[in-house]
Amino acid sequence: MTAPSFTPILEAARSRHGAAALEARLTTPRSAAELRALSDDRYLSRMELRIFRAGLKHSLVDAKWPAFEEVFDGFEPRRVRAMSDEALEALLGDRRLIRHWGKLKSVRDNAAAMIEVAEEHGSFGAWLAGWPGTDIVGLWEALAERFSQMGGNSGPSFLRMVGRDTFVLTHSVTAALKRWGAVDAPPKNRKDRVAVQSHFNAWADETGRPLCQLSLILAASVED
């Protein structure tokens, strides 16, 4: 399916929100150099923040995050990987934390996975920076395969949090894709996601905008 022109999508979003207000909502992704400069401990912290936010009020998790930074030694991957089972289990008694065993265990699992990626590519940030934006859905899949609890929209949301350019298949974005004739139904599998990626690639070529802005404009074209 050929991607529809992005012009009417942009016009609809501007009509709903105003051109200036729409532009004010848009984010700018980090450059490759900025992604490489961010340390692995900050990536692990953001990844786990996304995981612990899932299904909970974000402000609740954010308020507890300083305690997470303390008990996980600033999320330095090698120190976290070295934590014993007993040390992890002891955190279940720490009332400052969100005491969810699967999520707490993911911190050590993801620290180990991040070290592996860093050993392969120099750093986790270098891995993110080097992944082609024309295959961002491939990066989603790699995150889901290599890291714990990074499936679904968690991977794309984490990338958005750290400034790696990506679109996110939120309910509004999916509704807009259908509204503008880019898809017949919500993407359900890899084939569908690759097809959506091809539309975003075409829109990026047409407009010169990053994927994150295209995604936000799509959402704004159907939501108030």
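**Entry 1: the whole chain**

I started with contacts (heavy atoms within 4.5 Å): among those between residues at least 6 apart in sequence, 70% join residues at least 24 apart. Note to self: this is a predicted model, so local features need pLDDT of at least 70 and side-chain atom pairs count only at pLDDT 80 or more, while totals for chains, interfaces and linings use all residues. Residues are numbered from 1 along each chain as its sequence is written, and side-chain values use heavy atoms, with hydrogens and water left out.

Next I looked up the secondary structure, and the chain has 14 helices and zero strands. Helices here are DSSP runs of H or I, at least four residues, and strands are runs of E, at least two, numbered from the N terminus.

Then I checked overall dimensions. The radius of gyration is 19 Å, which agrees with the value near 17 Å for a compact globule of 224 residues; it is taken over C-alpha atoms, and the globule rule is 2.2 Å times the number of residues to the power 0.38. Along the principal axes, the C-alpha atoms fill a box of roughly 55 × 35 × 30 Å.

I also looked at the surface. About 10500 Å² is exposed by the chain, with carbon and sulfur atoms supplying 51% of it; these areas come from the Shrake-Rupley method with a 1.4 Å probe, and for residues only the protein chains shown count as cover. Of the 224 residues, 48% count as buried (under 20% relative accessible area, against over 50% for exposed and in between for partly exposed; 1.4 Å probe, protein chains only).

**Entry 2: helix α5**

I moved on to α5, residues 58–71. Its 14 residues reach 20 Å from first C-alpha to last, close to the 20 Å expected at 1.5 Å a residue; the expected span is 1.5 Å times one less than the number of residues. Still, I found a bend of about 45 degrees at W65, with the proline P66 following within four residues. The bend is the angle between axes fitted to the seven residues ending there and the seven starting there.

I listed the buried residues of α5: V61, W65, A67, F68, E69 and V71. Their cover includes α4 (40–53) and α8 (101–121). Just past the helix, D73 takes a positive phi of about 50 degrees.

**Entry 3: S106**

Since α8 had come up, I picked S106, which lies in that helix. S106 counts as buried because its relative accessibility is 0%. Leaving out residues up to four places away in sequence, S106 touches E48, I51, S148 and Q149. With E48, the side chain of S106 makes a polar contact of 2.8 Å (a pair of N or O atoms within 3.5 Å; within protein, one must be able to donate a hydrogen and the other to accept it, and residues adjacent in sequence count only if both atoms are side-chain atoms).
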